[in-house]
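Got your viewer open? Let's walk through this structure one selection at a time.

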Amino acid sequence: MRSEPLTYRGLQLDLARQTESREYIKSFIDFAAEHHFTTVGIYLEWKIRTELYDVGEDGYTPELLRELDDYAYSKKIILVPGLSALGHCEMLLKDPRYQHLAELKAGDLNRFGFPVAHGHCLCPTHPGTRELLEKYFTICSKIFIHTPVFKIGLDEAWEVGYCERCRKGMKSFADEGRIYAEHVLFIHDVLKKLGKTMIMSDDRIDFYPGILDRLPNDIILCAWLYHRNTCSYLTHFLNQATNDQHKVYEEKGFRYLCLSSDYYVWGNIETYTAYANGRNPWGLQVACWEKYEILAQASFPALAAAGEMWNEPGLPVREAWNRAVRSVFRIEPSDRLIDAILFYSEHEMSPRFYGKKIMTSFPFFGPDRKSRYALRMALQTMRDFLDRVPDGEPRFILENLILNCRFALLNQDINLHCWELLKHQSPDLPEELFGEMRSLGRDYYAMISAHRRKDQAEEVLGKWQAREKMLNDFRQDALHAGRVRLGLALPEEWSTMYTSIRIRTAGGKVLEIPFENLKQGEFFLFEKYYFIPADSEIEEMEITAYGFAGVGITWIEALTDRGRFVPEKVLESSGLVESPEYLLIEDAKFAFFGTRDVFSEFEDRAKGLARHSVRLKMRKEL
Ligand SMILES: [Zn+2]
């Protein structure tokens, strides 16, 4: 195991999904410097205000970024910009001047069969794309003068080779990889001319493994793995195929960066660190993704602990947390406080609202009951410590942790109470649930107002008000409407399988439940509810699915004022459906729609769009 710390120990702040102030970014740089980091990545996409493209006041001026670059350097921190050059270009592609550079235009179907609202991916073969990128990177190289590396997001570019121009030169899936590789090579050469080394995300290499032999090995590969327990390399959306990709990079002479994130749980940072300690990476980094409606401060104890572990390879995790809590809160570390923050951080480090899904999707065995109590205890412990930590930054961080812990608890409570209502275990949703939603919305509004523009805070408050309405709508439906219950098996973590239901009722009326990706969290087996008119008398149901990785359906039924309607017989099945007869029995056996093999659906685009369906005759249960 390594005994010396790696030179590249980074944090990354998302400045694209939300706009932060000069002071806030500086305080983030200060934090990184104090906790043994050497690099701060700022994820910008197209938010730099240049004459090429200007997003407006949500962007950052070259002068501000120049100032931050110098500021970081004065603190012995290298500022590394994160720029988009293929996917994640929706901001830019909304500009009428660049719409012709989009691989897919509004209304075109994407790889997953959905019409896109606007372009997301640049066309890699359009000469205008190259011209624009070269100009953009040239401007950036004059802003970020201290960094030897630029991080170019070439990740999640799902639609390479979709436009007419690209398709012309394509014979097979291999050409998709070739187009991608040529784009990477172009960017590499531009950056090289500008004196910058390129860091790129490695997820496309899962799909185009052959390109590694074409890429110069001075490109630094950014391996991003965000799993709760990271003990091997798991491919991104390729049936979780396990490769020893880091070993492959080492054998081929590539340097690579191990990127964990605060987007899910602390365990990701801890386990990826342990895994990376047994390999030979070039650097380590944690990304603070998407802090649109929360602040990154709640992650500070965990980030500080990462800083300690990376600065002293082999340092026990608990000792890293002791040191982190001492320096972040300026108090003697307490086991109670550490356990409380760790529990919250292992539960949901960057809580977010999951929309209607959290009210209508549940694990097969029902909601997690135990973590609510543990979250309550964690919350109480953090509150107990509020008066013990000094005012200013330490108190502010703890207040943020408390808010996020309440958010995580609210998510749990919504899920449990909605389940109880649907399962007739309680007559209604408790009023306190609505009260906490309102109160949390107001508290986030106050917290965010203090750090961001007023209109940004108001947008967040508006979101909370919309959530309250969503919960209220759910309550009305759950109390008064009929419902359809669907049992699901979705093993692929990145599943993009879309499922729709068509219901024929007595009198020939047809109800359509539109296509939706039903994957929910980490669950493999779960159930999903839909609401339908209470007076529906069901005669037939047709389930249709398409997409990647397939979907298992264990059961379908409808409950209305007219009775309980269950499958009686399979009338018809089309496309690829394995064991449709399993739909007739209420258990965990599933009929499987589609193919499990994601790669084959990449290779043959028609496979990913093929529809698979089963039509069932329903009977009223007596
Ligand atoms: Zn194209």
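Here is a short tour of a few strands, a loop residue and a pair of domains. Keep in mind that this is a predicted model.

**Stop 1: strand S2**

Select residues 39-45, which make up strand S2. Is this strand mostly covered or mostly open? It is mostly covered, with seven of its seven residues buried. Show the side chains and look at each face in turn. One side carries Thr39, Gly41, Tyr43 and Glu45, the other Val40, Ile42 and Leu44, and both sides are covered.

**Stop 2: the strands paired with S2**

Now add residues 8-14, strand S1. S1 and S2 run parallel, joined by five bridges. To find one of the pairings, click on Gly10: its bridge partner in S2 is Thr39. How does the chain get from S1 to S2? Follow it through helix H1, residues 22-34; this β-α-β crossover is right-handed.

Next, bring in strand S3, residues 78-84. Six bridges link S3 to S2, and these two strands are parallel as well. For a landmark here, pick Val40, which stands opposite Leu79 in S3. Between S2 and S3 the chain passes through helix H2, residues 62-74, in a right-handed β-α-β crossover.

**Stop 3: Pro148**

Move along to Pro148, in the loop between helix H4 (127-143) and strand S4 (149-153). Is Pro148 buried or exposed? Count the other C-beta atoms within 10 Å and you get 10, so Pro148 is exposed, since the cut-off for that label is 12 or fewer. Setting aside neighbours within four places in sequence, Pro148 touches Lys196 and Thr197. Try a distance too: from Pro148 to Ile205, C-alpha to C-alpha, is 24 Å, with their positions 57 residues apart in sequence.

**Stop 4: where two domains meet**

Finally, colour 357-479 as domain 1 and 481-620 as domain 2, following the domain assignment. Their centres, taken over C-alpha atoms, are 31 Å apart. At the contact, eight residues of domain 1 meet ten residues of domain 2. Which elements of domain 1 each supply at least two residues to that side? Select helix H13 (357-360) and strand S11 (361-363). S11 gives the most, with three residues. Colour the domain 1 side by residue type and you should find four nonpolar, two polar and two charged residues.

Methods
Residues numbered from 1 in each chain as written. Predicted model: local features only at pLDDT ≥ 70, side-chain atom pairs only at ≥ 80, totals over all residues. Domains from an automatic or database assignment. Contact = placed C-beta atoms within 7 Å. Helix = DSSP H or I, 4+ residues; strand = E, 2+ residues; numbered from the N terminus. Nonpolar A, V, L, I, M, F, W, Y, C, P; charged D, E, K, R; others polar. Buried ≥ 20, exposed ≤ 12 C-beta atoms within 10 Å, placed from the backbone. Pairing = 2+ DSSP bridges. Right-handed = clockwise from strand over helix to strand, strands pointing away.
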